[in-house]
There are 2 protein chains.
Amino acid sequence: MKLSQSFVKTLRDAPKDETAKSAKYLVRAGYVHKELAGVYDFLPLGLKTLRNIENIIREELNRVGCNELQMTALQNPDSWQKTERWNSDRMDIWFKTELSAGGELGLGPTHEEPGTAMMKDYIKSYKDLPANFYQFQTKFRNELRAKSGIMRTREFLMKDLYSFNTNKEEHDKFYHLIEEVYKKIYSRVGLGDCTYQTFASGGAFSKYSHEFQTVLPVGEDTIYYNADKSIVLNEEVLNDEVLADLGVKREELESTKAAEVGNIFSLGYKFSKPLDLSYTDQDGKKQLVYMGSYGIGVSRVMGVIAEKFADDKGLVWPEEIAPYRYYLVAIGENAEKKAEELEKQYSELILLDNRNMRPGEKFADSELMGIPYRLVISDKTLEKNSAELTARKTGEQKLLTLDELVAILSKV
Amino acid sequence: MKLSQSFVKTLRDAPKDETAKSAKYLVRAGYVHKELAGVYDFLPLGLKTLRNIENIIREELNRVGCNELQMTALQNPDSWQKTERWNSDRMDIWFKTELSAGGELGLGPTHEEPGTAMMKDYIKSYKDLPANFYQFQTKFRNELRAKSGIMRTREFLMKDLYSFNTNKEEHDKFYHLIEEVYKKIYSRVGLGDCTYQTFASGGAFSKYSHEFQTVLPVGEDTIYYNADKSIVLNEEVLNDEVLADLGVKREELESTKAAEVGNIFSLGYKFSKPLDLSYTDQDGKKQLVYMGSYGIGVSRVMGVIAEKFADDKGLVWPEEIAPYRYYLVAIGENAEKKAEELEKQYSELILLDNRNMRPGEKFADSELMGIPYRLVISDKTLEKNSAELTARKTGEQKLLTLDELVAILSKV
């Protein structure tokens with residue numbers, strides 16, 4: 001794309017109340033715009049980055065046969081009353097509103113209840129199981145404070161997956177499958193080396209759940225780990241019983257700050273029982289459905305990646321999720337012509353900075369925006385029929401011939 | 001895709017309170033699930049259809065250089081108070097809610113106000129214009145009654161585009177460009193022959209706006225038209241002044257029922273003035289930005305298409321938006337093997353009904369679901385190395401050789 005086509009400009013200042021490094025850069029680089037605390041618009045570059053993460057998740061879930069759909073934000077109280085999560089004492093992050101025709105509604109903070117209630121229409125017999133569905137859907141959570149940029153917001157994009165099985169054994173198989181899918185996802189978005197599957201509290205659902213935690217100095221969680229035994233656990237379950245369960249001693253554990261980027265829960269009958277989601281088994285007997293839920297905060301993952309890799313010049317995106325892979329700057333008339341040709345052919349990969357500005361300003365913007373590679377074509381490089389490539393992450397530079405460049409672009 | 005992978009089943013009955021034909025079929029065929037009146041989940045087939053419409057709109061807007069982003073549902077009252085649309089007397093379809101930290105919020109029914117306020121960060125000088133952005137975003141409207149299935153809902157997917165220009169002349173050019181883009185979009189989604197650009201009230205914004213109206217017996221609007229003069233107008237502006245403006249007499253007009261599938265507005269300074277969105281012109285003088293807005297209710301368009309083409313057997317989707325183009329039924333063991341091969345290779349085009357059911361039931365489901373072509377492969381057709389193709393719309397049947405079939409599938 002040509003930058004001149006976009007209305008977005010990099011900004012000198014971020015809103016004064018932004019404290020997270022990633023939030024400051026995301027605003028300044030034109031990825032997001034703040035509507036109010038914890039509520040952000042995704043500008044073109046930000047939306048493209050978010051969609052790249054979304055598409056990786058979608059690909060990996062579809063690959064193992066998951067079904068995508070989309071439920072609603074507006075929530076009927078019925079199913080939430082049955083599980084006793086309608087009351088704000090039990091679920092303190094509700095946004096509630098009212099129908100003008102009369103009656104209270106909520107804005108979905110998660111979708112176990114409506115998902116379970118919906119499946120009553122489709123699950124009747126053991127023949128209808130196993131079943132699953134997932135969605136990319138906007139959640140609303142009335143957080144008292146919002147302060148970590150897009151890492152913790154009041155309105156955010158979440159991937160939530162729900163599974164429905166005949167029994168625990170069948171459920172466990174799916175649960176393990178999704179564990180593996182999650183590892184692949186974190187690896188593909190660039191967090192593979194620093195993200196750990198972590199024992200966490202099962203809450204009201206089961207003894208444990210699993211979180212995926214990315215090591216991050218400003219993370220909200222503290223995790224304890226033993227590298228030799230490959231054991232990681234959240235501080236919230238650091239007690240004698242759990243240590244005995246996991247076969248590890250307190251003094252064998254080291255701690256670090258981390259940010260949760262996903263979680264998976266065995267729900268058991270927690271929702272199917274109050275909502276009466278059941279099936280007829282092969283003997284004609286009624287049985288409750290065994291459920292699981294699996295979440296990834298998509299916009300939160302984007303925030304964690306921004307926070308994790310940003311340096312003192314700005315954002316640094318992993319290649320697979322960057323909105324564009326190359327930031328192209330042309331210096332001189334012939335170079336501009338060549339640059340336009342390249343952008344035209346590879347408009348999905350190249351962000352061409354064709355604005356009427358000094359190269360130094362463009363270089364600074366390319367660093368602030370965190371595009372993985374800066375490409376400079378000047379009349380001087382053209383003499384050698386080449387372009388200068390600079391990696392955003394390492395600063396490493398090399399001269400590529402235009403043929404080599406086209407070969408790389410064609411392969412992506 | 002293989003139908004066995006999906007949890008969705010066709011249902012014998014639709015909810016009793018559904019009156020629209022399309023809503024009954026969409027529920028029964030497993031495209032949508034009703035959460036409450038005017039609030040629908042999009043099940044896998046429904047989401048795929050919706051996305052096909054969305055992608056056509058996106059392609060056509062991107063082609064003319066529009067910028068996609070995504071704003072938020074949660075709305076700060078500030079900008080709405082400045083335009084006097086916060087008060088429910090002025091805008092009676094607000095859903096409002098409250099921050100637990102204190103303060104009222106609204107759920108965006110449209111985005112002129114936040115969009116105008118946001119652009120104050122990016123538009124400073126005439127050099128920053130023209131500008132535009134669009135989004136596919138979930139709108140919330142607290143309709144008193146909701147009765148037309150997904151044609152009029154309380155939560156729906158809308159494409160809204162906003163334009164920002166230095167003056168009316170520059171705006172008019174963009175407005176005409178979008179008129180043409182809209183015609184292309186309606187043509188591509190299958191509504192080209194029956195959708196008319198219609199003079200309508202400009203509301204508080206300007207003398208006229210344009211609506212795109214699809215002729216539909218159960219439509220909520222009445223339009224008047226003169227085919228010879230290519231004039232179409234909404235009943236709401238059928239008065240002497242307008243007739244004089246358009247140069248047509250009352251008795252030269254015929255009327256019909258229609259459903260609005262899009263609208264375009266010249267907003268002028270209606271929003272830029274109260275929100276002070278201005279730019280410095282070439283002489284260093286401050287000028288207000290001239291605005292326009294352009295909407296398409298994406299889920300509504302899907303509902304109108306469903307309603308328009310459905311027959312007594314079920315839905316009938318135009319090819320370009322159908323979730324799958326072929327509904328494949330195999331009869332006999334060799335046929336099943338061949339069918340699985342085809343589905344594997346063309347899984348985006350083929351919905352393979354591999355459920356353990358009689359062919360007649362499968363045929364009925366394929367008709368209910370409105371998939372454009374039914375393909376039957378049986379051991380009998382395989383003897384002739386062929387498959388039987390039946391068009392959903394016309395019932396026309398023909399025998400294709402498998403080579404011909406593969407040639408067609410490869411070309412889509």
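This tour moves through a predicted model, from the whole of chain A to its domains, the contact with chain B, and selected helices and loops.

**Chain A as a whole**

Begin by displaying chain A as a C-alpha trace, which spans about 80 × 60 × 45 Å along its principal axes. Switching to a cartoon shows 11 helices and 20 strands. If the chain is coloured by burial, 50% of its 412 residues appear as buried. Among contacts between residues at least 6 apart in sequence, 67% join residues at least 24 apart.

**The two domains of chain A**

Next, colour residues 3–309 of chain A as domain 1 and residues 326–411 as domain 2. The C-alpha centres of these two domains are 38 Å apart. Where they meet, 7 residues of domain 1 are in contact with 9 residues of domain 2. The domain 1 side of this contact consists of 4 nonpolar, 2 polar and 1 charged residues.

**Helix H8 of chain A**

Within domain 2, select residues 333–345 of chain A, which form helix H8. This helix of 13 residues reaches 19 Å from its first C-alpha to its last, close to the 18 Å expected at 1.5 Å a residue. Show the side chains of A:Ala335, A:Lys338, A:Ala339, A:Leu342 and A:Glu343, which are buried. Then turn the view to look down the helix axis: the buried residues fall within an arc of 135 degrees, so they line one face of H8(A). In general, an α-helix has 3.6 residues a turn, so residues three or four places apart point the same way.

On the other side of H8(A), select A:Glu333, A:Lys337, A:Glu341, A:Lys344 and A:Gln345, which are exposed. To see what the buried residues pack against, add strand S16 (326–331), strand S17 (350–352), strand S18 (373–378) and helix H10 (379–383) of chain A.

**The nonpolar core**

Now bring chain B into view and select A:Leu328, B:Leu328 and B:Leu351, the residues with the most contacts inside the largest nonpolar core, a set of 230 residues. Centre on B:Leu328 to follow one of these in detail. Leaving out residues up to four places away in sequence, B:Leu328 touches B:Ala339, B:Leu342, B:Glu343, B:Ile350, B:Leu351, B:Leu352, B:Asp353 and B:Leu375.

**Where chain A meets chain B**

With both chains shown, select the contacting residues: 45 in chain A and 45 in chain B. On the chain A side, the elements that give two or more residues are strand S1 (32–36), strand S2 (39–42), helix H2 (44–63), strand S4 (95–98), helix H4 (112–119) and strand S6 (131–140). The largest share of this side, 4 residues, comes from S2(A). By class, the chain A side divides into 24 nonpolar, 12 polar and 9 charged residues.

**A:Pro44 and helix H2**

Select A:Pro44, found in helix H2 of chain A. Is this residue buried or exposed? A:Pro44 has 20 other C-beta atoms within 10 Å and is therefore buried. Apart from neighbours within four places in sequence, the contacts of A:Pro44 are A:Ser6 and A:Val8 in chain A, and B:Asn67, B:Glu68 and B:Leu69 in chain B.

Move to helix H2 of chain B, residues 44–63. Its 20 residues reach 28 Å from the first C-alpha to the last, close to the 28 Å expected at 1.5 Å a residue. The buried residues of H2(B) include B:Pro44, B:Leu47, B:Ile53, B:Ile57 and B:Leu61. After the helix comes B:Gly65, with a positive phi near 85 degrees.

**Backbone details in the loops**

In chain A, select A:Leu129 and A:Pro130, joined by a cis peptide bond with omega of about -5 degrees. A:Pro130 lies in the loop between H4 and S6. In chain B, the peptide bond from B:Leu129 to B:Pro130 is cis, with omega near -5 degrees, and B:Pro130 is in the loop between helix H4 (112–119) and strand S6 (131–140).

Finally, select A:Glu84 in the loop between helix H3 (77–82) and S4 of chain A. Its phi is near 60 degrees, a positive value in a residue other than glycine. A:Glu84 is exposed, with 12 other C-beta atoms within 10 Å. In chain B, B:Glu84 has a positive phi of about 60 degrees although it is not a glycine, and B:Glu84 counts as exposed, with 12 C-beta neighbours inside 10 Å.

Notes:
Residues numbered from 1 in each chain as written. Chains lettered and ligands numbered in written order. Predicted model: local features only at pLDDT ≥ 70, side-chain atom pairs only at ≥ 80, totals over all residues. Expected span 1.5 Å × (residues − 1). Arc of directions from axis to C-beta. Contact = placed C-beta atoms within 7 Å. Core = buried A, V, L, I, M, F, W, Y, C linked by C-beta atoms within 7 Å. Nonpolar A, V, L, I, M, F, W, Y, C, P; charged D, E, K, R; others polar. Domains from an automatic or database assignment.
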